[in-house]
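Q: Hey, I've just opened this one and don't know my way around yet. Can you walk me through it?

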Amino acid sequence: MTPPPLIRIEALTRRFETGGGFLKRPRTMMAVQDVSLSIARGEVVGVVGESGCGKSTLARLVLRLLEPTSGRVLLGDSELTALPPAALRAARKRMAMVFQDPYSSLDPRYSLAEVLAEPFVVQRRALPSGAVAAMLAAVGLPETLATSHPHQLSGGQRQRVGIARALALEPEFLVLDEPTASLDVSIQAQIIDLLADLRDRLGLTYLFISHDLGLVRYFCDRIVVMYLGAVVEVLPHADAAPRHPYTRALIDSGFAPDPARRRTIAPLTGEIPSPFALPPGCAFAGRCPRATDRCRTDRPALGGDAAHPVACFHPH
Amino acid sequence: MSALLELSEVSVSIGRAALLERISLRLEPGHILGLVGESGSGKSLTAMAAMGLLPLIGGRVTGGTVRFDGQDIAAMTDGQRRALRGRRIGFVTQNPMTALDPVQRIGAQIDVVSRLHLGLSRQAARARTLDLLTQLRIPEAAAVAEAWPHQLSGGMKQRIVIAMALAGDPDLIVADEPTTALDVTVQAQIIQILGALVRERGLALLLITHDMGVVAQICDRVAVLYAGRLAEENAVDPIFAAPAHPYTRALIGCIPQEGMARGSLHGIPGAVPGALQFPPGCRFHPRCPQASALCRATVPPLTPHGAGIAACHHLSVEAR
Amino acid sequence: MSGRALPAPLRAFRRPLGAVAGGWLAAVILAALFAPLLTPYDYDIQALKEAYQPASARHWLGTDEFGRDLLTRLIYGARTSLSVSGIAIALSVACGMTLGAAAAWFGGWFDRAVTVVVDLTWSFPEILIALILVAIIGPGTTGTMVAISVAYLAQFTRLTRAQILTLKSETFIEAARSLGAGNAHILFRHLLPNALAPVLVSAMLATGDAIILEATLGFFGLGAQPPVPSWGGMMSAGSALVFKAPWIIIFPGLAVAVTVVAINLFGDALIAELDIRARMRRQV
Amino acid sequence: QEAVFVLNTSEVGAPTYNPIKATNLNKATTLLFDRLVSQAADLSYHPWLAESWEEAPDGMSWTFHLKKGVTFHNGEPFTAETIAKWLDLFKGSENAYMAEAIAEVQVVDEATVKFVMARPEPNMLYNLSSSYMSVIEPKSFVELGDNYGVTEVYGTGPFKLESFAVGQETVLVRNDDYTWGSPLAKNTGPAKIEKLTFREIAEDSTAFLELKTGGVDMLFGVPADLLAEVQKEANLAVLTLPGQDVYYMPINVTKAPFDDIRVREAAAKAINQEEILASVFGGVGTVADTFLISALPESKVSDGAKIKYDPARANALLDEAGWVMGADGVRAKDGQPLQVSLWTQSDSIFRRLTEVVQAQLKAVGIAAEITTFDSSMIRDQYKTGEQQLAVRSYNWDNADIVDWFFGGDRLGYPNVSMFNDPKAEELRAAAMTGAKNMEERVANFTAYHDYVLTQFPMAPIYQPVNSVAYNKDRLVMPEPLNAADVGAIAIMDMEVKD
Amino acid sequence: MFSYLIRRVLMLVPVFFAVSLVIFLILHFIPGDPIDNLLKVGSSPQARTEMEARYGLDQPLPVQYGLWLGRVLTGDLGTAIVARRPVADLIAQALPHSLRLGGLALLFSSVVGVGLGVVAALNRDRWPDRAIMGGVLLGSTMPGFWLGLILMLVFSVWLGWFPVSGARSWQALVLPVLTIGLGGTALVARITRVAMIEAAGRDFVLLLHAKGLSPLRIQLRHVLRHALIPVVTILALRIGWILGGAVTVEVVFARPGLGTLLIKSLSQHDYPVVQACLLMLAMAVMLGTLLGDILQAAMDPRVRAALG
Ligand SMILES: Nc1ncnc2c1ncn2[C@@H]1O[C@H](COP(=O)(O)OP(=O)(O)OP(=O)(O)O)[C@@H](O)[C@H]1O
Ligand SMILES: Nc1ncnc2c1ncn2[C@@H]1O[C@H](COP(=O)(O)OP(=O)(O)OP(=O)(O)O)[C@@H](O)[C@H]1O
Ligand SMILES: [Mg+2]
Ligand SMILES: [Mg+2]
Ligand code: NI
C-alpha cells in the first residue's frame with residue numbers, strides 16, 4: 001500500500017467576480033476549475049501553464065490564503081479548508097510559500113534579521129539564538145547581511161531570503177510560485193540548485209509553479225498542465241510523452257539552446273479566449289490543430305489513464 | 001558585404017557612470033545579430049546607442065562611432081537622425097503592454113509612421129497599415145486598426161509594435177527583448193514572424209534577448225555582453241558548440257535541457273555588478289571558475305577567435 | 001545605499017536646499033521654544049508712546065500700533081502659529097490615519113461611506129471648512145486648532161486609505177499571512193509602518209498649508225485672541241495700517257511665506273531622500 | 001451724474017430699509033424717505049413734509065399742516081390719512097417708543113393732521129426728524145410684510161431704490177418728480193445727482209484705497225487712524241462735523257463679578273480715556289466722561305457722576321471687594337482669578353481700542369479675554385446676554401439714547417449691560433414720559449443719566465468727530481452745510497463734476 | 001458609455017440625499033438657534049413658541065427634514081430668518097458673482113498653470129524649471145488676503161490700472177481672479193509638471209521617439225495629453241473651490257459671493273441660508289465629480305472600458 005499523500009486537493013474551484021458596482025452586474029470568472037491532485041510526501045509536483053491560467057490562484061487556495069468557492073484541501077489528516085483561525089495558524093507552521101516577485105515579497109522596512117524572525121513572532125515562538133545566522137547560511141547568504149534591508153540586495157539574494165523565511169518554521173510542504181520568473185537564468189539556476197539541495201536535505205515536499213515547461217521538466221517529478229483554470233494533463237514524469245495538444249504545443253514552443261536543433265516553428269494560431277467568456281466546449285479548441293466539432297461543443301473531462309490523465313477527445 | 005549597422009568601440013555614460021565600454025558590433029542586411037547577456041549588462045543601452053536615442057535617457061556616447069549605412073550617426077543633425085528612426089530603423093520594445101499609447105487608436109499609431117516618413121496620404125497610410133497587419137497575420141485588420149490598445153492581447157500588441165516598426169519600410173529592426181513578456185506559445189509565434197521578415201524582406205535584425213534558446217533558434221551571429229563589455233562575438237554555431245568565453249559557456253549551462261539530470265544545473269555564482277561597482281581587470285572574474293591573478297588585474301583585450309572575437313585571458317587554453 | 005545611518009527626518013539635511021530650509025525651520029522652532037530668553041521685551045506690555053516706530057537698533061523690526069516690539073511678537077507669534085498648526089495637523093493625522101486605515105481594512109459599506117464623505121469634504125476648500133467650524137465652535141485657539149484639523153482630515157484619510165489599499169495587495173502582506181500572521185500583526189507591523197512615511201511627509205507639507213490657514217483665520221479675527229500674537233492676527237491688525245506702518249504687516253507676511261517655503265523645500269528634500277515620490281503623488 | 005458713496009462701517013450689514021422695524025438703518029434711508037421735520041446744523045427744526053405745526057400750550061396735542069402734491073414712489077398720494085396709518089404701524093414694533101406718546105391721530109382734513117397726546121412729548125420734533133420716523137407708504141408696507149425695505153421700498157424721498165444687496169451695495173436712482181425737499185437745502189428737488197450707489201465695505205483700508213484711487217467718491221466715516229493718510233492726498237478733502245458717536249464699554253451688571261457695583265466702578269475707572277484718545281485716535285476728538293455726547297445739555301451731570309480715569313480708586317475698590325492682587329498681576333478671590341470676557345467687533349479700530357482697554361484693565365488686575373465677532377453678527381451675540389464686558393459705540397444725538405441702551409425692557413440688545421434697576425426705571429419713566437416741556441425733559445433726562453452713571457453699567461471712553469472724506473475732483477459739497485451731517489439735505493445740493 | 005452616464009447620474013441621487021441629510025443634521029446640532037437672535041432677552045416662552053411655529057422649528061427633526069427637502073426639491077429654498085428675504089434671492093445675488101470669479105480664476109489657473117507646468121517639465125531640472133517651480137511655490141505660500149492686498153497696492157494704488165474693490169465692472173474682476181488664480185496656478189503647474197515627467201518616462205514615449213516623431217510633437221500631442229488626465233480630474237474634483245474658495249478674496253476685495261454669504265449666515269445662525277449655500281456647494285462638488293469622471297472617461301479609453 002502506498003503511504004497516504006501529504007496534500008490532497010479535491011475538486012477545488014474558485015470563482016472571481018469583478019467589475020460589479022452600482023446597478024452593474026459583476027462579471028464572473030473561473031480562475032480555478034475543479035482541480036484535484038494528491039501530492040505524496042517528498043514529491044515535487046510542477047504546475048505549468050500560461051499567464052493567467054490560475055496557477056497562483058491555485059497556490060493560494062492550497063495554502064488557504066484564499067477561500068475556495070468549493071472543494072477542499074487536506075494537509076495530512078486535517079482539512080485545511082475547514083480549519084478555524086487558531087488551528088489554521090498552527091497548521092501554517094507545516095507549510096509555507098515562496099513568492100514570484102522577490103522585490104515585493106519582503107517588507108522594505110524590515111531588516112533581514114527581522115524578516116527571518118517574523119515567522120517566530122507570528123507563531124509566538126521564541127527565536128533560538130543564532131537562528132538568523134543559521135537560516136542565512138542555509139540559503140547561502142553571509143551572516144553580515146542580517147542587518148541589511150531588502151533594497152540593498154540583488155534579486156537573487158532576496159529570493160534566497162524568501163526561501164529562508166519559508167523554511168524558518170521547518171515546514172513539510174512548500175509552495176513555490178514561480179520563484180525564479182523574475183530572475184536571470186544564471187540566478188534561476190542557482191535558486192533551483194538550492195531548492196533541490198534543500199529538498200534532499202530536509203525531505204521537503206514541493207508544489208512548484210512555473211510557466212517554463214523546460215524548467216519544470218528538469219526539476220519536477222510529476223507535472224500538472226493547466227489551461228484557463230482547468231487541468232488538461234498530468235504528466236507522470238518529466239520525460240513522459242505529452243498527450244494533450246496543448247502540452248505538445250508548449251513543448252514545441254520552447255527553443256533548445258542549440259542551433260543544431262533549430263526547428264521550423266508551427267506556432268499556435270487563434271487567440272486565447274477571455275476567461276470571462278469561456279467557450280462551451282474545450283477551452284483550447286480555438287487554438288488546437290486537432291480540434292473537431294465535438295471539441296467545440298463538449299468539454300472533455302480529465303480522464304483516461306489514472307497515472308497519466310488527460311482532458312482531450314483526441315490525445316496524442 | 002558592407003555593414004548596415006556598425007558600432008566601433010562605442011562607450012556610453014550616463015552621468016558619472018560609464019556603462020558601456022568599447023562595444024563593437026557589425027550587422028549586415030539579411031542577417032540577425034543576437035545580443036545576449038544578463039540583466040543590466042547593457043543590452044538596451046547598446047540598442048539606444050544604435051538608434052541615437054541615448055539623450056532621451058540622459059546618456060551620451062563618450063567614445064567610438066556608430067555608423068548606419070556608412071554614415072556616422074553622431075555627425076548627423078537631429079533632423080537627419082529623426083529621419084532615420086522609423087524610416088530606416090524600426091524599433092520593437094520589450095513590453096508590448098506599455099509600448100502603445102493607451103489613448104490613441106491602433107491604426108493611427110501605425111499610420112503616423114508612413115505618413116511622416118513615406119509622405120503617404122491619410123488613406124494611403126491606412127491602406128498600408130491594413131496591409132501590414134494582414135501580413136502579420138492579424139485577423140480582421142480593419143477592426144483592429146480601430147481598436148484601442150487595451151482591447152488587445154499581449155501577443156497581438158507585440159505584432160502591432162512590429163507593424164509600427166515595419167511601417168516606414170526600414171532596413172534594420174532593433175528588437176529589444178521582443179518576447180520576454182510573452183507566453184512561450186506566443187513567443188514562438190513572434191519569433192517566427194521576425195524570422196520570416198528577415199528572410200522575406202532582406203532586413204537586418206538586431207535581436208536583444210537573454211534567452212539563449214531564442215538565439216540558437218534564429219540568430220546568425222551572437223554578441224555576448226557582460227557588465228558593459230563585449231565578452232564574445234561569433235557566429236551562432238561556434239558560440240554554442242565551442243563557447244570561447246567562460247561566461248558564454250556558463251550562460252548556456254544555466255538552461256535546463258531535455259534529459260538533463262536533476263542537480264546538474266549550477267548557475268553562475270554571484271550577480272552582475274552594478275555600474276558603479278565594476279571590479280578591476282576582467283569584470284567577470286569574481287564569478288569565473290578559471291579566474292587567475294591576471295584576470296583580477298588586467299582587462300583582457302578583445303582578440304580574434306575563430307570567426308569571431310572574445311575577451312578572455314584564457315582564450316588560448318579554451319581554443320584548444 | 002548608506003542612508004540608513006541617519007534617522008529619516010535628518011536625511012533631508014543632506015541636500016543643500018533641504019539643509020537651508022531645515023536650518024530655517026530649526027531656527028524658527030528654537031526661537032519659538034526659547035522666546036522669553038531671546039528678547040528683552042514682553043509681547044503684551046503696551047508702550048503706547050512708542051507706537052508705530054520703524055526698525056531701529058532698539059526695535060530691530062520696529063514696533064506695532066501699541067508700541068510693542070515687533071520682533072518679540074513675531075517670535076511669540078511663531079509659538080502660536082507653529083503650535084496651533086502643528087497640533088492641529090498632528091490631531092488630523094491621528095484621526096485621518098485611523099479612519100483611512102479602518103476604511104481600507106474593513107472595506108465594504110464602511111469604506112464606501114468614508115470614501116463618499118471624505119471625497120466630498122476634500123472637495124471643499126479648507127478655509128471654508130475651517131471658517132464653518134470656527135463659527136460653530138467659537139473663535140480662539142482651541143476652535144482654530146479643531147477647525148484646522150478637521151479641514152485636513154479628508155486629506156490624510158484619503159492618503160492613508162490609498163496607501164493601505166496599495167500595501168494590502170503587496171506580496172509581503174500575503175507572505176506574512178502565509179506564516180500565520182493575524183490581522184493585528186499585519187495592520188500594526190506591516191501596513192501602518194509602511195504607510196507612515198508618506199503620511200508623515202504629507203503631514204509636514206500640510207503643516208505649511210495649515211500655517212497659512214491659521215493666518216487666514218487670524219485675518220478674519222478668529223484665531224488666537226489678543227494680546228496673544230499669531231502671525232495671522234498680526235497681519236490682520238496690520239492690514240488696516242498698511243500705509244501708516246507697512247512693516248507691521250510685511251514682516252509677519254514674510255515670516256509666513258519664508259517658513260512655508262522652507263517647509264515645502266524640506267519636505268521635497270525628504271521625499272527625495274526617502275525615495276517615496278511615487279508613493280506621495282501629492283494632490284494638493 | 002452718478003456717484004458712489006461708502007457707508008460707515010458701523011452701518012455695514014443693515015438688513016433692511018424698514019424704518020419701523022429696523023434697529024440699524026444706513027445712510028441711504030435718508031434719501032429714500034422724507035420726514036415731517038428737518039433739523040438744521042444748529043439743531044433747530046424746520047419744515048419738510050410738514051409745512052408748519054403747532055403745539056398745544058399744555059403739550060397734549062400737536063397739529064401738523066402737510067405739504068400738498070407729494071406722492072410716494074409707487075404713485076400713492078401723501079395725505080393726512082397716510083400719517084394716521086403710518087403711525088398706527090408703530091404699535092408693537094421695534095421702534096414703538098418713537099410714537100408711544102401719541103394717543104390718537106386725528107385727520108382734520110386732507111392736509112392737516114392732529115396728534116392727541118397721551119402725555120406731553122417734548123422730544124416730538126426730534127423723533128419726527130429721526131430716520132426711524134421716515135414716512136413710509138402704508139399700503140405697500142402692509143402688503144409687502146417682511147419684504148418691505150428688502151426687496152421693495154416706497155417712500156417720498158428724492159431717490160428710489162433700484163437694487164439692494166444686503167452687505168454689498170444699494171443703488172438709488174433719482175426721483176424725477178421730487179419737488180418737496182427740505183427748505184434747509186437750496187435745491188428742493190429733483191436732486192442733481194441721477195444715480196447713487198452706497199457701497200458697504202467692511203475693511204476701512206479697502207474703503208480708503210477706493211477713495212484714493214477714485215473708485216468711490218465719498219466715505220461717510222473715516223477712521224481716525226486713516227485721517228492723516230486722507231489729508232496727504234491732494235484730491236481728497238475731509239469734512240469735520242460734530243460727532244454723534246460715543247465709544248464706551250458696557251458692563252453686564254448681571255454677570256459676576258460685575259453684579260458687585262464696586263467691581264463695576266473699578267473697571268470703569270480703570271479706563272484711561274486720555275491715553276486712548278492720544279494713542280488710538282491720534283488726539284482727534286475728545287474723551288467721553290458721560291454716556292451722552294457733550295453737545296447735549298443732558299450730558300451736564302454732576303461732577304461726581306462723571307466717570308474718569310482713577311486707578312487708585314479702582315485698585316482700592318477691588319481690594320475692598322475682596323479681589324486680592326496676585327503675583328501674576330491678576331487679582332483673585334477665593335482662588336478664583338478675576339478673569340472676564342471682553343467682546344468686540346472685528347473692525348480694526350475696535351480691535352485696537354479693545355486691546356488697549358484690555359491692557360488698562362490688566363493694569364488694575366483684571367484679566368480680560370478678548371473675543372472678536374464679525375460686526376454684522378455682534379448684535380445677535382449680545383442678545384444671548386452672555387457678555388461681561390464689551391467695547392462698542394453708538395451714534396445718536398438725543399438723550400433718549402440712555403433709555404434705549406439702559407431700558408429694563410430691552411435686555412441683551414440694545415441693553416447690552418442688562419441694566420434693570422428699579423430706581424433707574426422710575427427716573428426713566430419720568431424722563432421719557434413725565435416732561436411737559438423741553439426744560440423739564442432736559443432736567444429729567446439729566447437726572448436719569450446722572451443716576452445711571454453712578455450705577456456703572458458702562459464706562460464712557462471716547463467721542464470722535466465725524467470725518468467725512470470726499471473726492472474734491474468729483475464732488476462739489478454745498479457751502480455751508482446746513483445740517484448736522486452729510487445726509488439728504490447735503491446730498492440735494494451736492495453735484496458731481498464730469 | 002451612455003448607460004454608464006445614466007448610472008453615474010443615478011448614483012448622485014443617494015449621494016444627494018445623504019448630503020442633504022448631513023447638512024441638515026450638522027446645522028441642527030450646532031449650539032445656538034436663530035430664534036435666540038430674533039427674540040429679545042426675557043421674552044415670554046410663548047413668544048418663542050410662536051416664533052418657532054412660524055419657522056417650522058417646532059416640528060420633530062425628521063418632519064422638519066422632510067418638509068425642507070420637499071420644498072428644496074420643488075425649488076423653494078425658504079426664507080432667510082435673519083436676512084428676512086427669500087433665500088433664493090440671496091443665492092441668486094451671490095451665485096453669479098461666485099461663478100464669474102471662480103470660473104475665471106479656474107480658467108486662469110488652468111491655462112497658465114498647464115503652460116508653466118509644460119515649460120517646466122520640458123526644461124526639467126534646468127533653470128526655467130527651477131525658476132517656474134520656485135515662483136509657483138512662493139506664490140502658493142502667500143496667504144490669499146496678503147497677496148490680494150499687495151496686488152491691490154501695486155495695481156490699483158500705485159499703477160491705478162484696476163478698481164480697488166467691488167464687483168461693478170469687469171476690471172474689478174482682474175485682481176481677485178489673479179489672487180485666487182495664482183494659488184490655483186501653483187497647484188496646476190505642479191501636477192502638470194509631475195504628470196508630464198511621469199508620462200514622458202513611459203515606454204510608449206520611447207517608441208514614439210523611435211518612430212522618428214519630433215520631440216515637441218511628442219511632448220505636446222502625446223505626453224501632454226496623458227498629463228492632462230490627472231490635471232483635469234483633480235481640477236474637476238475640486239470644483240467646490242471655485243464657489244467657496246474665494247471667501248478671503250471676497251472679503252479683501254469687498255465682493256459679494258457664496259462664500260461670504262455662507263459665512264455671514266452661519267454666524268447669524270440663519271439656517272435656511274446656510275443650508276441652501278451648503279447644498280449649492282455640495283451640488284457643485286457632486287457635479288464636479290461627475291464632470292471629472294466624464295472627462296476622464298472621455299480622455300481615456302481604458303477608463304471607458306472599465307466602466308463598461
Ligand atoms: N483577487 C482576484 N480578483 C479577481 N480576479 C483575480 C484575482 N486574483 C486572480 N484573478 C484572476 O484570475 C486569473 C488567474 O490568475 P492567477 O494569478 O492565478 O494566474 P497565474 O496563472 O498565476 O498567472 P501568472 O503566470 O501571470 O502569474 C487571472 O485572470 C486573474 O486576473
Ligand atoms: N537611465 C539610466 N540611468 C542610470 N543608469 C542606467 C540607466 N539606464 C540603464 N542604466 C544602467 O545601465 C546598465 C545597463 O542597463 P541596460 O538597460 O542596458 O541593461 P540590459 O542589459 O538591457 O538589462 P535588462 O535585461 O534588464 O533589460 C545597468 O546597470 C543599469 O542600471
Ligand atoms: Mg502567478
Ligand atoms: Mg534591457
Ligand atoms: Ni446704533
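What follows is a chat about the chain contacts, the ligands and two of the sheets.

A: Sure. One thing up front: this is a predicted model.

Q: Good to know. Which chains share the most contacts?

A: Chains A and B do, out of seven pairs of chains in contact. On that interface, 39 residues of chain A meet 46 residues of chain B.

Q: And how much area do chain A and chain B bury between them?

A: About 3,500 Å², with carbon and sulfur atoms making up 55% of it. On the chain A side, A:Tyr218, A:Phe255 and A:Pro257 lose the most area to chain B, and together they give 22% of what that side buries.

Q: What about chain A and chain C, how many residues does each put into the contact?

A: Chain A brings 23 residues and chain C brings 19 residues. The buried area there is about 2,000 Å², and 55% of that comes from carbon and sulfur atoms. If you want residues to click on in chain A, try A:Phe99, A:Ser104 and A:Arg109: they lose the most area to chain C, together 22% of what that side buries.

Q: Where does chain D sit relative to chain A, touching or apart?

A: Apart. Chain A and chain D do not touch, and their nearest C-alpha atoms are 44 Å from each other. Chain B has no contact with chain D either, and the closest C-alpha atoms of those two lie 49 Å apart.

Q: OK, switching to the ligands. Which residues come nearest to ligand 1?

A: There are 14 residues around ligand 1, and the nearest are A:Ser51, A:Gly52, A:Lys55, A:Ser56 and A:Thr57.

Q: What kinds of residues are in that shell around ligand 1?

A: Four are nonpolar, seven are polar and three are charged.

Q: Which elements of chain A supply them?

A: Strand E1 (7-18), strand E2 (27-39) and helix H1 (55-62) of chain A each supply at least two residues of the ligand 1 shell. The largest share is three residues, and it comes from H1(A).

Q: How far are the side chains of A:Ser56 and A:Glu178 from ligand 1's oxygen atoms?

A: For A:Ser56, an N or O atom of the side chain is 2.6 Å from an oxygen atom of ligand 1. For A:Glu178, the matching distance is 3.0 Å. The backbone joins in too: an N or O atom of the A:Cys53 backbone lies 3.2 Å from an oxygen atom of ligand 1. Overall, the protein covers 66% of the 630 Å² of accessible area that ligand 1 has on its own.

Q: Now ligand 2. Which residues surround it?

A: Residues of chain B, among them B:Ile14, B:Leu19, B:Ser39, B:Lys43, B:Ser44, B:Ile57 and B:Glu177. Helix H1 (residues 43-51) of chain B gives the largest share of the ligand 2 shell, three residues. By type, that shell has four nonpolar, five polar and three charged residues.

Q: What do the side chains of B:Ser39 and B:Ser44 do there?

A: A polar side-chain atom of B:Ser39 lies 2.5 Å from an oxygen atom of ligand 2. For B:Ser44, a polar side-chain atom is 2.6 Å from an oxygen atom of the ligand. B:Glu177 also has a side-chain N or O atom 2.9 Å from an oxygen atom of ligand 2. Of the 640 Å² of accessible area that ligand 2 has on its own, the protein covers 64%.

Q: Back to chain A for a sec. In what order do the strands E1, E2, E4 and E5 form their sheet?

A: The order is E2-E1-E4-E5, in an open, antiparallel sheet. E2 and strand E5 (78-79) are the edge strands, each pairing on one side only. E1(A) and E2(A) are joined by nine bridges, and A:Ile9 has A:Leu37 in E2(A) as its bridge partner.

Q: And the sheet in chain D, how many strands form it?

A: Three, in the order E15-E16-E17, open and antiparallel.

Q: Why do E15 and E17 each have a side without a neighbour?

A: Strand E15 (324-325) and strand E17 (336-337) of chain D stand at the edges with a single partner strand each, so one side of each has no neighbour in the sheet. E15(D) is joined to strand E16 (residues 331-333) by two bridges, and D:Met325 stands opposite D:Arg331 in E16(D).

Terms used:
Residues are numbered from 1 along each chain as its sequence is written. Chains are lettered from A and ligands numbered from 1 in the order in which they are written. This is a predicted model: local features need pLDDT of at least 70, side-chain atom pairs count only at pLDDT 80 or more; totals for chains, interfaces and linings use all residues. Side-chain values use heavy atoms; hydrogens and water are left out. Two strands pair if DSSP finds at least two bridges between them. Helices (H or I, at least four residues) and strands (E, at least two) are DSSP runs, numbered from the N terminus. A residue is near a molecule or strand if one of its heavy atoms lies within 4 Å of it. A polar contact is a pair of N or O atoms within 3.5 Å; within protein, one must be able to donate a hydrogen and the other to accept it, and residues adjacent in sequence count only if both atoms are side-chain atoms. Accessible areas come from the Shrake-Rupley method with a 1.4 Å probe; for residues, only the protein chains shown count as cover. Ala, Val, Leu, Ile, Met, Phe, Trp, Tyr, Cys and Pro count as nonpolar, Asp, Glu, Lys and Arg as charged, and the others, Gly among them, as polar. Contact means heavy atoms within 4.5 Å. Buried area is the accessible area (1.4 Å probe) that two parts lose on being put together, summed over both.
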